[in-house]
Number of protein chains: 2
Amino acid sequence: MGASGTAGKWGNWLARVALNGEHRRSVYLVNRSGHAALGRPTYRSLRELPERVEMVVIAIGAPGFEAAVDEALAAGAKVIVAITAGLGESSAEGLATELRVVERVRAAGATLVGPNCLGVADTGSELTAAYSEFKAGPVGLISQSGNLALELAAIAEKAGLGFSRFVSVGNQADLGMADLVEELAGHDQTRVIAVYAEDFRDGRAFARAALSAYEAGKPVILLTVGSSRAGARAARTHTGALVSVSVAVDAACAAGGMVRVATPHEMVELAQGLLMPHPPRGRRIGIAGDGGGHVALAADLLAANELEVPALTGGLARRLASTLPPAAATTNPVDLAGGGEQDLFNYARVVGTMAESGEVDAVVLTGYFGGYGEESAEFAETEAMVARAMADAAEAAGCALVVQTMFPDSAASQVLRSRRVPVYADIDSAVGMLARVIARSHQTPAGVPGLPEQTSGTAVDESYFGARQLIASAGIPLVEARRVVSLDEARIASDEIGYPVVLKAIGSVHKSDAGGVRLGIVGPGDLEASFVAMAARLSASIFSVERMAPAEGGVELLVGVRRDHSFGPVVVIGLGGLYAELMRDTAVALAPVTHELAERMIASLRAALLLLGTRGRTPLDVAAAARSAVLLSELMAGRPDIAEAEINPLLVRHLGVVGLDARVVGA
Amino acid sequence: MGASGTAGKWGNWLARVALNGEHRRSVYLVNRSGHAALGRPTYRSLRELPERVEMVVIAIGAPGFEAAVDEALAAGAKVIVAITAGLGESSAEGLATELRVVERVRAAGATLVGPNCLGVADTGSELTAAYSEFKAGPVGLISQSGNLALELAAIAEKAGLGFSRFVSVGNQADLGMADLVEELAGHDQTRVIAVYAEDFRDGRAFARAALSAYEAGKPVILLTVGSSRAGARAARTHTGALVSVSVAVDAACAAGGMVRVATPHEMVELAQGLLMPHPPRGRRIGIAGDGGGHVALAADLLAANELEVPALTGGLARRLASTLPPAAATTNPVDLAGGGEQDLFNYARVVGTMAESGEVDAVVLTGYFGGYGEESAEFAETEAMVARAMADAAEAAGCALVVQTMFPDSAASQVLRSRRVPVYADIDSAVGMLARVIARSHQTPAGVPGLPEQTSGTAVDESYFGARQLIASAGIPLVEARRVVSLDEARIASDEIGYPVVLKAIGSVHKSDAGGVRLGIVGPGDLEASFVAMAARLSASIFSVERMAPAEGGVELLVGVRRDHSFGPVVVIGLGGLYAELMRDTAVALAPVTHELAERMIASLRAALLLLGTRGRTPLDVAAAARSAVLLSELMAGRPDIAEAEINPLLVRHLGVVGLDARVVGA
């Protein structure tokens, strides 16, 4: 509906691409004017069609949208693709229209994609109703941005990757991200699911759908925006969507086994890697190339990405050396040192020998290969044969093969891609992909926890002592503290607690920065001086006197839970205290977390070095730290009235933990 | 010499490309056989030539190399380009030949490039004597790897960048990296110098040459290898070069104002940025694009790279809105929201308005622009006009313009590149380049310090007390310590120092990891228990009893100096103690350092947050920390017999510093 004969109009493009599938199904063009379009008659209305329809694409203006949907349903449509813009994303009135329409669509047992979308495609059935044509292939693409979908399609085509299905979700009035991921998880031709999302709606449903895709062996790659203020501003303007905070997205990825990427290029690069016939499961990488510079660069980058470039055994090195010139390096990285030029098949021999050795989990071929064909057609043919031999050898050995080449468009590169060998122009892309694919193979999705019944407590007390009370009520040990409002009260509290004590002025946010915390007060004189100075400088009237925790040998963590509008409460565990803002060393998960997951989160921190007793250090009480995280996550899971709760620092000791500070923010 | 008629041979290719410049100079082909080559006669020897020669390219085998050089010198050659391989990089005998030859070359007042090199090119004079042809342009390229030079040339060509000069340095028997950088610094057509190096020889001379290029307004971009063990292994095999440790290279970059990159692609991407007509000097970036997804992604990436995407003022936003559809976002990022499709010149209006506003230091255009021309030749022409208008507007405003486009090969993209507007396919490349260019504009080279006369001390005492003595002799305060070998001695030492004390078992490397350090021993009983336990567990026989430094409010740094075989002693300052290995937060410089430089290094650490008194914290004694670094660097600058000296931790307090541990390694 809205088919047009005028080139450049959406209704024109959509009609053209839809007609490409006419040998598979009847296609009718509808246009109120009834003028012929694209050399064929149009119908003024769906009512005039000679048969009932299954699917209707609506590409008319917003004012006629509601009537068009009714007409479609009356004509028997079970699927409506709504290109029409200017509805829910533009105004409250538009949103109301959407809601009314969706109700009728659902009542009719139909579904609707959009509105404000770019259409859908299914290459398996040669159905295209979108502003782009898609080459057939294994990638299912769900996108909330039209131009980014176009870019992804273009990059994928260069990389030799095609698409199984494409859905532009638009405003997700009826079908949302989660439904579509779920659907693709069960779609045979789809082997990787690529998602560009700005608005997740029910984030947990989305994560659950991703998890079911993971379980079906179909990785979900996620690209999203809004991690910066300006990015969030842009996303909000774009679709009216409220973006999720970045940690919530990370938590959802960990929960559902998704891999998050930062750019469209990275998305396609990773998809290539995930589609390898034999993705590597270990970190040992063999490098081969004809030229010391290239193989050395690759080695440095692999090491920087925490992959291993192990020296090969003497026997293997000798086997490699037997076909190469004397100057060749054969211990890994392997430098053919002119051996490729001498005999192109040396490339296949080296790659094959490394692949079948069992000494590496993947072989990276880097540098000039792909360029010999530039010399002559004969060379190009030989090079393509060598490429086939390499792919054969890697496949036979069940070993991953990844290629970086100065000639990514060569015939040899095309041969490799046709065999699902990832080929990259940039060594950084090859190495980045490998690091991600290998990291993923070592991670198990955390799972998507359900949320208990949401109970609102009494109004949330955001004060320091209110926060302490709430957190203590969950069973988390906090350092002993007394609220005092005078020096006399402070003296009494200190005597009861026993020196040394800590004095905190209550109220300011960055307490320790502003001089609002004084540690290690050794006696009454010290206490008086500190109290008077603090009261004067900070105009504080409420104080807390606290037991001084012996920090020696302990490590300070941060344990917090914050609520995201899409994904719900999210647990953050990280290095805390003074070094938290320097390190940004955190692990995240959807709340509530199990004890086992909390311990995994702690073990995943870089700071785990300090906690787990590595290198002869006494291990700290990680179990107690995990228990605090579990308790806080369970508390927050049931309390939608609290936006944020945090213990920072939580001092982890050889035996037990103790929270030294607490903060709560109401929703 | 060694010109060949056989296609595929080096002597054939070199002769062919050299003859391309025959309209600029006489070119003679020499071949012992005297057979015609490339349709012209060859000479059996340089002696047969009708005139004396200026430059000789030697492409014959190693056995005839020495005689060929003599022949060249006799024929008047002032420059010899030695392609010949199999000399210094292969054997001691080859190295001896090189040394003899270089002596005679120098005695004759001539210079030699190579041997084992790929040749040279000077596009300004249409001289090519290399295994590749180079498009003319502003980049001077010096490379120690042939294949990487080829790759750089290919990537640069795609990016619309050409080369002024190319030198393949080979074994650097006569001319080295430093000479060549120095030469390019004074070469008019060269505006950026790209260096791929594996072996720096005299590293300080290289850094000084880079500094002179910096001062001549010609940035040096450095790509090197060997930061990983496997990378070092490969580099060593490749040219026999001993690679420098990565921190030494970083220190040289800081000293000489070089920018280090990790891949050939990054090198070309950065070169484009450094050649912009108006490189940005501030961090404020404006973003424009037709599509919310693209501009949001760009905003997130810019923020992740610590650049700013400021909200535009109301006045500017209104000016932008006046030509755009109502749905457009105009506060930054600017989303044209279909305004580009409506009127392509809206792109130029938006970019121009942002560029001339003074509210941003650079404009990033991202997304679809470049793709409208795909529709028709007419659109392509209009789009190219718009591209010109954008470049004009940015130039007139003196504002940087950077473009990411899904259509990097379009006519519009070519127009932009011809105006030195960097154009990238990947937004990550655009943002990474901007971050580097802006960071560079805020950095001043540290300068290349001279080294004093090298005096060897007595044999270096690597023991703990030896290290303490050496470091204390430089005037650096260390915590009070007594060497003890029995519990009785420990008791006496503790009484003299005063409790609480620290007890260290001397000898093991990771003392604190292995339980060889016990802090905060409060009295004699505690001391005895600790002593007995340590002696038993670690079989230690020597101990140190030390004053317990009150850590509260202080920050632990690491101050060390290590010697590199090319760059000499290098100072490392970083976060020390427990968090050093987690953070990898370090600053490096060539030793010795001035006080001012040492303070700059400390201020550049992320840990500076904790040191400089930000957010109301009491500032710590950075000057004293800097003084320690200066003293250690001066000590090490004159002592080639010491490979490494380190104070970790150096406790920085409100007033003064004190070293809590010391380590020295002999050369």
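**Exercise 1. Surroundings of Ala384(B)**

Determine which residues Ala384(B) touches, leaving aside those up to four places away in sequence, and state whether Ala384(B) is buried or exposed.

*Solution.* The model is predicted, and every value below is computed from it.

Step 1. Beyond its neighbours up to four places away in sequence, Ala384(B) touches Ala412(B) and Val415(B).

Step 2. Ala384(B) belongs to helix 14 of chain B, which comprises residues 377-397.

Step 3. The relative accessible area of Ala384(B) is 10%. The cut-off for a buried residue is under 20%, and Ala384(B) is therefore buried.

Step 4. Ala298(B) stands 86 residues from Ala384(B) along the chain, and their C-alpha atoms are separated by 24 Å.

**Exercise 2. A loop in chain B**

Locate Asp199(B) and identify the backbone nitrogen that its side chain reaches.

*Solution.*

Step 1. Asp199(B) is found in the loop that runs between strand 8 (192-197) and helix 6 (203-215) of chain B.

Step 2. With a relative accessibility of 10%, Asp199(B) counts as buried.

Step 3. The side chain of Asp199(B) reaches the backbone nitrogen of Arg201(B), at 2.9 Å.

**Exercise 3. Aromatic rings**

Describe the geometry of the pair Phe200(B) and Phe206(B), and list the members of an aromatic cluster in chain A.

*Solution.*

Step 1. An aromatic pair is characterised by how far apart the ring centres are and by the angle between the planes. Over all chains, the count is 22 aromatic pairs.

Step 2. In the pair of Phe200(B) and Phe206(B), the centres are 5.1 Å apart and the planes make an angle of 55°. Planes under 30 degrees apart count as stacked and those over 60 as edge-to-face; the pair Phe200(B) and Phe206(B) is accordingly tilted.

Step 3. Phe200(B) and Phe206(B) are both buried.

Step 4. In chain A, one aromatic cluster is formed by Tyr347(A), Tyr368(A), Phe369(A), Tyr372(A) and Phe407(A).

**Exercise 4. Chain A and its helix 2**

Summarise chain A as a whole, then establish which elements the buried residues of helix 2 pack against.

*Solution.*

Step 1. Chain A contains 23 helices and 25 strands. Its C-alpha trace spans about 95 × 80 × 35 Å along the principal axes.

Step 2. Chain A has 667 residues, of which 57% count as buried. Among contacts in chain A with a separation of 6 or more, 68% join residues 24 or more positions apart.

Step 3. Helix 2 of chain A covers residues 65-74, and its buried residues are Phe65(A), Ala68(A), Val69(A), Glu71(A), Ala72(A) and Leu73(A).

Step 4. These buried residues pack against strand 1 (55-58), strand 2 (79-82), helix 3 (92-107) and strand 3 (111-113) of chain A.

Step 5. Gly76(A), just after helix 2 of chain A, has a positive phi of about 100°.

**Exercise 5. Salt bridges**

Explain why the salt bridge of Arg284(A) and Asp361(A) ties together parts that are apart in sequence, and examine the pair Glu596(A) and Arg600(A).

*Solution.*

Step 1. Over all chains, the count is 58 salt bridges. In the bridge of Arg284(A) with Asp361(A), the closest N and O atoms are 3.0 Å apart.

Step 2. Arg284(A) lies in the loop between helix 9 (264-274) and strand 11 (285-289) of chain A, while Asp361(A) lies in the loop between helix 13 (345-356) and strand 13 (362-367), so the bridge ties together parts 77 residues apart in sequence.

Step 3. Arg284(A) is partly exposed at 27% relative accessible area, whereas Asp361(A), at 19%, counts as buried.

Step 4. Glu596(A) and Arg600(A) form a salt bridge at 4.0 Å, N to O. Both lie in helix 21 (residues 595-604) of chain A, and because they are 4 residues apart, about one helical turn separates them.

Step 5. Glu596(A) is partly exposed at 49% relative accessibility, as is Arg600(A) at 35%.

**Exercise 6. The interface of chains A and B**

Report the extent of the interface between chain B and chain A and the make-up of the side belonging to chain B.

*Solution.*

Step 1. In this interface, 76 residues of chain B contact 76 residues of chain A.

Step 2. The area buried between the two chains is about 5,900 Å², with 57% given by carbon and sulfur atoms.

Step 3. The rule finds 0 salt bridges across this interface, and 14 residue pairs in polar contact, both at pLDDT 80 or more.

Step 4. Elements giving two or more residues to the side of chain B that touches chain A include helix 4 (146-158), strand 9 (220-224) and helix 10 (292-304) of chain B. Helix 10 of chain B provides the largest share, 10 residues.

Step 5. The residues on this side of chain B comprise 38 nonpolar, 20 polar and 18 charged.

Key
Residues numbered from 1 in each chain as written. Chains lettered and ligands numbered in written order. Predicted model: local features only at pLDDT ≥ 70, side-chain atom pairs only at ≥ 80, totals over all residues. Heavy atoms only, no water. Contact = heavy atoms within 4.5 Å. Buried area = accessible area lost by both parts, 1.4 Å probe. Salt bridge = Lys/Arg side-chain N within 4 Å of Asp/Glu carboxyl O. Polar contact = N/O pair within 3.5 Å; in protein donor to acceptor, adjacent residues only side chain to side chain. Nonpolar A, V, L, I, M, F, W, Y, C, P; charged D, E, K, R; others polar. Buried < 20%, exposed > 50% of the residue type's maximum accessible area, 1.4 Å probe, protein only. Phe/Tyr/Trp six-rings, centres within 6.5 Å; stacked < 30°, edge-to-face > 60°.
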